[in-house]
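Let's take a walk through this model together. Keep the structure open beside the text and turn it as we go.

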Amino acid sequence: MKVSELNMDTEAIFKALANPMRRQILQWLKDPAQYLTSEECFGFTQGVCAGNIERLSGLSQSTMSNHLSVLQQAGLISVHKHGQWSYFSRNEDVIQQYIEYLKDAL
């Protein structure tokens, strides 16, 4: 796959993944049932609520909001809004594209 064919911003992804907390968030979203109960996340059908991610991290709401924003801008996570709540999930297509890019580029 050529870089010109990619639907991703590799520089934004490198920046997002440079932070250990952002990598941890991706890990939590990969298998949320390992860290949260199904009841906390309504069966994980919409993703994981920002408040639950914040609680897992122990960080302030503003700091977590910034981390989630960086991951979202990089295309690594998607957000689904339901009323006042935001639910996050991994964007597996972009993650797989990035893995393939790394295999080819490095």
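Start with a term we'll need: a nonpolar core is a set of buried Ala, Val, Leu, Ile, Met, Phe, Trp, Tyr and Cys residues joined through side-chain atoms within 4.5 Å, where buried means under 20% relative accessible area. The largest such core here holds 24 residues, and I25, I53 and L76 have the most contacts inside it. Helices 1 (10–17), 2, 4 (61–73) and 5 (92–105) each put at least two residues into this core.

I53 is a good place to zoom in. Setting aside its neighbours within four places in sequence, I53 touches I25, W28, L29, V48, M64, L68 and F88. Two of those names, V48 and F88, come up again in the sheet: F88, in strand 3, is the bridge partner of V48.

So what order do the strands take in the sheet? They run 1-3-2, three strands in an open sheet with antiparallel pairing. Strand 1 (48–49) and strand 2 (77–82) each have a single partner strand and stand at the edges, so one side of each has no neighbour in the sheet.

Now take the two pairings in turn. Strand 1 is joined to strand 3 (residues 85–90) by two bridges, with the two strands running antiparallel. On the other flank, strand 2 and strand 3 pair over six bridges, again in the antiparallel sense. One pair to pick out there is S78 with its bridge partner S89 in strand 3. Strands 2 and 3 also make a hairpin, with two residues between them. Look at G83 in that turn: its phi is positive, at about 65°.

For a spot outside the sheet, go to S69, which lies in helix 4. Is S69 buried, partly exposed or exposed? S69 is partly exposed, because its relative accessible area is 27% and that class covers values between 20% and 50%. From S69, you can also look across to E100: the two are 31 residues apart along the chain, and their C-alpha atoms are separated by 24 Å.

How far should you trust all this? Remember that this is a predicted model. The mean pLDDT of the protein is 88, with 92% of its residues at 70 or more. Among the elements, helix 2 (residues 20–30) has the highest mean pLDDT, 97, and strand 1 has the lowest, 90. Residues 1–5 are another matter: their pLDDT is below 50, and beyond near neighbours in sequence this stretch has three contacts in the model.

Technical notes
Residues numbered from 1 in each chain as written. Predicted model: local features only at pLDDT ≥ 70, side-chain atom pairs only at ≥ 80, totals over all residues. Heavy atoms only, no water. Pairing = 2+ DSSP bridges. Helix = DSSP H or I, 4+ residues; strand = E, 2+ residues; numbered from the N terminus. pLDDT = per-residue confidence, 0-100. Contact = heavy atoms within 4.5 Å. Buried < 20%, exposed > 50% of the residue type's maximum accessible area, 1.4 Å probe, protein only.
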